[in-house]
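Me: I'm new to this one, so could you walk me through it in a few quick questions?

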Amino acid sequence: MARLFLRGSLQRCLATQIRMSSDQLGELGKGAGKGGGGGGHVRSAGGAFGKREAAEEERYFRQREREQLEALRKHHTEEIEHHKKEIERLQREIDRHKGKIRKLSHDD
């Protein structure tokens, strides 16, 4: 489940980066992009409202990207803690087995 979440988050993050670096957008808020597609009525009209809409959209995607990165950091922190606990558990098992070996050596 966590891997699916990470895969989806990573894909969304990459899609955001691709969208932001695309040269198909044209100048944001200046009407239709270079590819001929419009961004809706407000953006396709251009002008101050188009620029504002473009700025709002960019702010939304930056916020989403921050949230995704924070979720990714949290996930990695939780994974690190899980692995540390697992290492401690396995170290206790190793010590227990070494104790059994010592006990068998003393019994001989």
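Below is a short back-and-forth on confidence, salt bridges and an aromatic pair.

Reply: A note before we start: this is a predicted model, where local features need pLDDT of at least 70 and side-chain atom pairs count only at pLDDT 80 or more, while totals for chains, interfaces and linings use all residues. Numbering runs from 1 along each chain as its sequence is written, and side-chain values use heavy atoms, with hydrogens and water left out.

Me: Where is confidence highest in the protein?

Reply: pLDDT is the predictor's confidence in each residue, from 0 to 100. The protein averages 79, and 56% of the residues score at least 70. Helices here are DSSP runs (H or I, at least four residues), numbered from the N terminus. Helix H1 (residues 2–21) has the lowest mean, 59, and the highest, 94, belongs to H3.

Me: How many salt bridges does the structure hold?

Reply: To count, a side-chain nitrogen of Lys or Arg has to sit within 4 Å of a carboxyl oxygen of Asp or Glu. One of them links Glu 56 and Arg 59. Altogether, the structure holds five.

Me: How far apart are the closest N and O atoms of Glu 56 and Arg 59?

Reply: These two are three residues apart in helix H3 (residues 47–107), so about one helical turn separates them. Both are partly exposed (buried is under 20% relative accessible area, exposed over 50%, partly exposed in between, with a 1.4 Å probe and protein chains only), with Glu 56 at 35% and Arg 59 at 45%. Their closest N and O atoms are 2.2 Å apart.

Me: Which residue forms a salt bridge with Lys 84?

Reply: Lys 84 is partly exposed at 45%. Its partner lies three residues away in helix H3, about one turn of the helix. With the closest N and O atoms 4.0 Å apart, that partner is Glu 81.

Me: And what about Glu 86, which residue does it bridge to?

Reply: Glu 86 is partly exposed, at 28% relative accessibility. The closest N and O atoms of this bridge are 2.5 Å apart. The partner is three residues along in helix H3, so about one helical turn separates the two, and its name is Arg 89.

Me: What kind of aromatic pair do Tyr 60 and Phe 61 make?

Reply: Rings of Phe, Tyr and Trp (its six-membered ring) pair if their centres lie within 6.5 Å; planes under 30 degrees apart are stacked, over 60 edge-to-face, and the rest tilted. The structure holds one such pair. The centres of Tyr 60 and Phe 61 are 5.2 Å apart and their planes are at 75°, so the pair is edge-to-face.
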